[in-house]
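Got a minute to go through a protein model together? Let's ask what the labels mean and how each one is earned.

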Amino acid sequence: MTSSSPNASSSLTVFLEGPYGNALDLRSFSDVLIIAGGSGITAAISHSNFLLPTRNTSVQVVWAVQNSALVDNVCANELKEALSDANFELVVYETRKASEDTEKRAAPSTVSRPVLHGRPDIEATIREARAKCTKHLAVVTCGPPRMADACRAAIVEVLGESGPGVEFYNEALGW
């Protein structure tokens, strides 16, 4: 449904398919941190839906997204089951500035969890995940190249310190 009214809602149907190529099996990790940017949430959805039923892995997703209205839709549909799992945590960062947000978003977000503003501190996020890690941490990123670069640099810094092992995986989106 589309409308020219500023308070009208619209719907979007998304078709997810895959995975393609070699599957990334993260079942050997006690903890998985997924850092996603925008549509990179698709990797987080796939990994979460695969890992959580095993009950062996804790999954934290940090999602940087321009508009939290997308978060409402994904949480109500693709992440609905994961959100009710005690081994799953979602942290959302809305990167659009508040002034841009009120101009471009038709209706306020109904996300039932806190939405932080700005960009995540990737190095601090990885350090915190490692501190909570019970055995071995996988850090997966899926988003823009700058986000992947920031994750890779943070991993290098963190690996220089004592603590549980950390492995990095970049799920690059591309055609």
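Q: What is the secondary structure of the protein chain made of?
A: The chain has six helices and six strands. Keep in mind that this is a predicted model. Starting at the N terminus, the elements go β-α-β-α-α-β-α-β-α-β-α-β.

Q: How much of the protein chain counts as buried?
A: The chain has 175 residues, and 39% of them count as buried. On the outside, the chain exposes about 10400 Å², with carbon and sulfur atoms supplying 52% of that.

Q: Why is H47 called buried?
A: Its relative accessibility is 8%, and buried means under 20%, so H47 gets the label. You'll find H47 in helix α1, which covers residues 41-51.

Q: Which residues is H47 in contact with, leaving aside neighbours within four places in sequence?
A: They are L24, L26, I34, V140 and E171. A contact here needs heavy atoms within 4.5 Å.

Q: What share of the chain's contacts between residues at least 6 apart in sequence joins residues at least 24 apart?
A: That share is 78%.

Q: How many disulfides does a search of the whole structure find?
A: Zero. A disulfide is a covalent bond between the sulfur atoms of two cysteines. To be counted, a pair of cysteine sulfur atoms has to be within 2.5 Å, and the search turns up no disulfide.

Q: Are C75 and C142 buried or exposed?
A: C75 has a relative accessible area of 9%, and C142 has 2%. The cut-off for buried is under 20%, so both cysteines count as buried.

Q: What makes R55 and D85 a salt bridge?
A: Their side chains meet at 2.9 Å, N to O. The limit is 4 Å between a side-chain nitrogen of Lys or Arg and a carboxyl oxygen of Asp or Glu, so this pair qualifies. R55 sits in the loop between α1 and β2, and D85 in the loop between α3 and β3, so the pair ties together parts that are 30 residues apart in sequence.

Q: How do you know whether R55 and D85 are buried or exposed?
A: Check each value against its cut-off. R55 comes in at 54% relative accessibility; exposed means over 50%, so R55 is exposed. D85 has a relative accessible area of 11%, and that is under 20%, so D85 is buried.

Q: What makes E123 and R127 a salt bridge, and where do they lie?
A: The N to O distance is 2.5 Å, which is within 4 Å, so the pair counts. Both lie in helix α5 (residues 122-132), four residues apart, or about one turn of the helix.

Q: Why are E123 and R127 called partly exposed?
A: E123 has 29% relative accessibility, and R127 has a relative accessible area of 29%. Partly exposed is the range between the 20% and 50% cut-offs, so both residues get that label.

Q: What about R152 and D149, which also meet in a salt bridge?
A: Their distance is 3.0 Å, N to O, and the limit is 4 Å, so the name fits. The two lie in helix α6 (residues 145-159), three residues apart. R152 is partly exposed at 37%, as is D149 at 45%.

Q: Which residues do salt bridges that share partners join into one network?
A: E123, R127 and E161. The whole structure has six salt bridges.

Conventions:
Residues numbered from 1 in each chain as written. Predicted model: local features only at pLDDT ≥ 70, side-chain atom pairs only at ≥ 80, totals over all residues. Heavy atoms only, no water. Buried < 20%, exposed > 50% of the residue type's maximum accessible area, 1.4 Å probe, protein only. Areas by Shrake-Rupley, 256 points an atom, 1.4 Å probe, with all protein chains shown as cover.
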